[in-house]
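Welcome! Here are some exercises to work through with the structure open beside you. Try each task before you read its solution.

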Amino acid sequence: MRMEFDLKLQQTQKLIMTPELKQAIEILQLNSLELNALIEQELETNPLLEKEEVIEEDIYESNDFTELAKYIRETEERMYYDDSDDEEIEEVNYENFVSTKPSLTDHLLFQLHITPVSPKIQKICEYIIFSLSPSGYLREDIKDIAEILECTEEEVLEGLSIVQSFDPPGIAARNLQECLKLQLLAQDSYKGIVKELVDYHLEEIAEGKYSYLAKLYNISLKEVQQAVDFIKKLNPKPGSSFSSTADVRYIVPDVEVIKREGEYFVIVNDSVTPKLKINNYYHSILNSHDEEAKKYINSKLQSAMWLIKSLESRKETLYKVL
């Protein structure tokens, strides 16, 4: 049997999954929040990328009242839909609303309103509640609050004591030490070595000086470790478990479908993602003699251009699918 070897040329078409194509597919699957997070990450890591400032023309400066009336009419139609006879009345879709936990302010005000206090002290308590940070701390000075509300410092301290008795434990504290103390008092655990560590040795705990604390109080290292573990279970930010008033409560769609005069229109929402462009400053480096810098800029330039192209491709794909 005779065997022969020869070379043949053959053309074939196949899809190669390049890193750029993989990124484009991933971008297509991201929702608005995830896409914005990706863009912010790229803006931090790629110096050639920058946001494009969009300057909107102020339509109210125009003297053409016809155009102004048309703009207002179209805006209202887009926001609320026209309720004319030839169009369907859109019902509220409650799936678009995101349920949120009550805010810290609402939670505390509810407790205040069921607490028997005088009107003056209630006013002080309300001021304290509205002055709390998102973490639940009171950053304002007692003396300043007394001057603003035209009352005595003793009355402010009385109101503060009332707010500090509310749930969650540790709320309205003025520092970390007071926050931990309030939580220990609520648990009836503010005593012994735990009390001493919270009052005087939070810095030593942070620095891990357990042997020093054991020697200082003439106790075993195990007892110090147990006390520290107990303290670490406390919440240093008691207000963080509540929603903020700045939380988003409505889902912003990527694409809207609007019916006008019996015809459907697809509108891609460009406002959910920032516009990107290439920073012209780095173009001069491409003409320099530093080969290493040119290589770095070229790689970042390709990455930036592909990201911009992927975003446009995502927009076109969403439009075509809808």
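Buried means under 20% relative accessible area, exposed means over 50%, and partly exposed is in between, with a 1.4 Å probe and protein chains only. The model is a predicted one: local features need pLDDT of at least 70, side-chain atom pairs count only at pLDDT 80 or more, and totals for chains, interfaces and linings use all residues. Residues are numbered from 1 along each chain as its sequence is written, and side-chain values use heavy atoms, with hydrogens and water left out.

**Exercise 1. The whole chain**

Task: Find how many helices and strands the chain has, and what percentage of its residues count as buried.

Solution: Begin with the elements, which are DSSP runs numbered from the N terminus: helices (H or I) of at least four residues and strands (E) of at least two. The chain has 14 helices and four strands. Next, take burial: 29% of the 322 residues count as buried. Finally, look at contacts, meaning heavy atoms within 4.5 Å. Among contacts with a separation of 6 or more, 62% come from residues 24 or more positions apart.

**Exercise 2. The two sides of H4**

Task: Work out which residues of H4 are buried and which exposed residues sit on the face turned away from them.

Solution: Start with the buried set in H4, which is Leu104, Leu108, Leu109, Gln111 and Leu112. These residues cover an arc of only 160° around the axis, so they are on the same side of H4. The arc is that of the directions from the helix axis to the C-beta atoms. Now turn to the face directed away from this buried side: Phe110 and His113 are exposed there. As a last step, ask what covers the buried residues of H4; the cover includes H5.

**Exercise 3. The cores**

Task: Identify which residues of the largest nonpolar core touch the most other members, and which element gives the most to this core.

Solution: A nonpolar core is a set of buried Ala, Val, Leu, Ile, Met, Phe, Trp, Tyr and Cys residues joined through side-chain atoms within 4.5 Å. The largest one has 24 residues, and Leu108, Ile128, Leu132 and Val163 touch the most other members. Helix H4 (104–113), helix H5 (119–130), H6 and H7 are the elements that give two or more residues to this core. H5 gives the most, with five residues. For a closer view, take Leu132: beyond its neighbours within four places in sequence, Leu132 contacts Leu108, Tyr137, Leu138, Ile171 and Ala172. There is also a second, separate core of 15 residues, which includes Ala214, Ala227, Val228 and Ile231.

**Exercise 4. How H6 meets H7**

Task: Describe at what angle H6 and H7 pack, and which residues meet.

Solution: Two packed helices are described by the angle between their axes and the distance between the axes. Axes are lines fitted to C-alpha atoms, for helices over the stretch in contact, and angles run from 0 to 180 degrees between N-to-C directions. Helix H6 (residues 142–149) and helix H7 (residues 153–164) pack at about 110°, and their axes are 9 Å apart. That makes H6 roughly perpendicular to H7. The label follows from the cut-offs: under 35 degrees is roughly parallel, over 145 roughly antiparallel, 65 to 115 roughly perpendicular, and the rest oblique. On the H6 side are Ile142, Lys143, Ile145 and Ala146, which meet Glu153, Val156, Leu157 and Leu160 of H7.

**Exercise 5. The loop after H7**

Task: Locate the cis peptide bond, then decide whether Phe166 and Ala172 are buried or exposed.

Solution: First, place Phe166 in the loop between H7 and helix H8 (176–186). Phe166 is buried, with a relative accessible area of 7%. Leaving out residues up to four places away in sequence, Phe166 touches Leu108, Gln111, Leu112, Thr115 and Ile171. The C-alpha atoms of Phe166 and Leu108 are separated by 6.9 Å, although the two are 58 residues apart along the chain. Move on to Pro168, in the loop between H7 and H8: the peptide bond from Asp167 to Pro168 is cis, with omega near 0°. Last comes Ala172, also found in the loop between H7 and H8. Ala172 has a positive phi of about 65° although it is not a glycine, and Ala172 is buried at 0% relative accessible area.
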